[in-house]
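Me: I'm new to this one. Please pick one part, take a close look at it with me, and tell me how the rest connects to it.

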Amino acid sequence: MTANLIDGKKIAAETRKNLQIEVNQLVEAGVKPGLAVILVGDNQASRTYVTNKQKSCKAIGIESILIELPDYVTENELLNQIEELNNRDDIHGILVQLPLPKHISETKVIETISSEKDVDGFHPVNIGKMMTGQDTFFPCTPFGILEMLKYEGISISGKHAVIVGRSNIVGKPMGQLLLNENATVTYCHSKTKDLASYTREADILVAAIGKAKMITSEYVKEGATVIDVGMNRDENGKLCGDVDFADVSDQAGFITPVPGGVGPMTITMLLYNTVKSAKNKINHRNLK
Ligand SMILES: NC(=O)C1=CN([C@@H]2O[C@H](COP(=O)(O)OP(=O)(O)OC[C@H]3O[C@@H](n4cnc5c(N)ncnc54)[C@H](OP(=O)(O)O)[C@@H]3O)[C@@H](O)[C@H]2O)C=CC1
Ligand SMILES: Nc1nc(=O)c2c([nH]1)NC[C@@H]1CN(c3ccc(C(=O)N[C@@H](CCC(=O)O)C(=O)O)cc3)C=[N+]21
Ligand SMILES: [Mg+2]
């Protein structure tokens with residue numbers, strides 16, 4: 001059996017076309033959506049993602065500003081910068097690229113971003129809303145994965161979803177969103193014993209580990225949906241996921257590639273959240 005490819009790039013392009021229409025409407029109503037990205041230090045991988053985000057904003061008419069700070073910036077200076085953006089009327093979304101240098105508390109930074117501009121969906125208020133099934137900004141990577149599953153018509157309700165990885169930005173929110181869709185969810189992590197015994201039970205397997213090609217066909221049930229979040233370099237320096245694509249694509253029912261899978265959808269949901277934030281603002285204005 002050869003798996004169906006979930007084409008993240010194509011789904012992203014279609015989603016962005018619909019967003020473009022909403023951006024046009026917002027601009028006509030006098031609100032140009034604005035995103036501010038803060039990049040601390042000079043990490044090459046971060047720079048690539050940030051450049052991708054900027055380009056994608058521009059392409060659909062979202063104003064995007066990049067604030068670059070040196071890696072020796074103090075925590076206070078960064079927090080002040082965020083406060084300034086919280087108070088700006090033309091900025092609807094704020095994203096601070098993670099990870100941050102060791103001397104800066106990520107928790108403090110995330111909590112300083114106004115929950116109404118938290119388009120990453122990392123603020124505790126927004127995480128709490130997600131956990132209690134309220135409408136809010138959902139974290140972009142898990143949200144994008146949910147959109148891909150829905151686009152492909154893959155049913156979630158009653159299915160066993162196994163998430164490998166429990167980070168705050170991917171693994172944990174992924175499980176929560178799938179639970180909200182009535183999946184039965186299992187979380188695995190580095191202390192899990194006999195990982196394959198869990199992953200082989202998965203109808204939907206999400207790999208968010210950060211280990212190149214770790215998930216081979218022995219980890220996968222025949223016909224399962226396999227979602228690869230990993231962004232790694234293989235032995236030849238080529239971009240690859242956490243899933244051994246060549247091996248697993250004979251076993252899986254659906255599979256996402258790297259690149260061209262989860263990554264483009266992550267950026268698309270960032271655009272979605274930024275547009276949503278701008279729309280929220282108009283709605284507030286009309287209520288006053
Ligand atoms: N495409 C995209 O849009 C995005 C891609 N990424 C990529 O996804 C990957 C994961 O990112 P992120 O969640 O931030 O990573 P983290 O490093 O924060 O988390 C990795 C998780 O994997 C678990 N883990 C590590 N080794 C093993 C193992 N051998 N067996 C089982 N579990 C293991 C860890 O367990 P423990 O908690 O016990 O340490 C941890 O929970 C990375 O490659 C990252 O680059 C990330 C964000 C977005
Ligand atoms: N505050 C914050 N929010 C994030 O959302 C965030 C972050 N910090 N830190 C880093 C991770 C990683 N991440 C990616 C986004 C897009 C691609 C992406 O577009 N990938 C392309 C390939 C890119 C390439 O060619 O290198 C693809 O998979 O096709 C990858 C990774 C967002 N993250
Ligand atoms: Mg991380």
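Reply: Let's start with an open sheet of 6 strands, in the order 1-11-8-7-5-6, with parallel pairing. Strands here are DSSP runs of E at least two residues long, helices are runs of H or I of at least four, and both are numbered from the N terminus. Two strands pair if DSSP finds at least two bridges between them. At the edges stand strand 1 (4-5) and strand 6, each with a single partner strand, so one side of each is left without a neighbour in the sheet. This is a predicted model, where local features need pLDDT of at least 70, side-chain atom pairs count only at pLDDT 80 or more, and totals for chains, interfaces and linings use all residues. Residues are numbered from 1 along each chain as its sequence is written, while chains are lettered from A and ligands numbered from 1 in the order in which they are written.

How sure is the predictor? The chain averages a pLDDT of 96, and 100% of the residues score at least 70; pLDDT is the predictor's confidence in each residue, from 0 to 100. The model's ipTM is 0.98 and its pTM is 0.98.

Back at the edge, strand 6 runs parallel to strand 5 (residues 160-164), and 5 bridges join them. One spot to find is Val 162, whose bridge partner in strand 6 is Thr 186.

Now look on either side of strand 6. In the loop between helix 7 (171-180) and strand 6 (184-188) you'll find Asn 182, which isn't a glycine but has a positive phi of about 70°. In the loop between strand 6 and helix 8 (195-199) sits Asp 194, also not a glycine, with a positive phi of about 50°. That's worth pointing out because most residues other than glycine have a negative phi. Asn 182 counts as exposed because it has 12 C-beta neighbours inside 10 Å, and Asp 194 is exposed too, with 9 such neighbours. The rule is that 12 or fewer other C-beta atoms within 10 Å of a residue's own makes it exposed, 20 or more makes it buried, and anything in between is partly exposed, with C-beta atoms placed from the backbone.

Next, hop over to strand 2. Strand 2 (residues 34-40) is mostly covered, with 6 of its 7 residues buried. Strand 2 and strand 3 (residues 63-69) run parallel and share 7 bridges, and Ala 36 stands opposite Ile 65 in strand 3. The chain gets from strand 2 to strand 3 through helix 2, in a right-handed β-α-β crossover. Right-handed means that, with the strands pointing away from you, the path from the first strand over the helix to the second runs clockwise. Strand 2 also runs parallel to strand 4, with 4 bridges between them, and there Ile 38 stands opposite Val 96.

The chain is divided into domain 1 (30-114) and domain 2 (140-263), with bounds from an automatic or database domain assignment. Their C-alpha centres lie 28 Å apart.

Both domains help surround ligand 2: its shell draws at least three residues from each of them. There are 18 residues around ligand 2, and Tyr 49, Leu 98, Pro 259, Gly 263 and Thr 266 come nearest. A residue is near a molecule if its C-beta atom, placed from the backbone, lies within 6 Å of it. Helix 10 gives the most to this shell, with 4 residues. The shell holds 11 nonpolar, 6 polar and 1 charged residues, where Ala, Val, Leu, Ile, Met, Phe, Trp, Tyr, Cys and Pro count as nonpolar, Asp, Glu, Lys and Arg as charged, and the others, Gly among them, as polar.

Two of those nearest residues take part in cis peptide bonds. Leu 98 is joined to Pro 99 by one with omega about 0°, and Val 258 to Pro 259 by another with omega about -5°. Pro 259 lies in the loop between strand 11 (254-255) and helix 10, which brings us back to a strand of the opening sheet.

Ligand 1 has 25 residues around it, the closest being Gly 165, Ser 167, Ser 190, Gly 210 and Thr 266. Helix 10 supplies the largest share here too, 3 residues. By class, this shell has 10 nonpolar, 12 polar and 3 charged residues.
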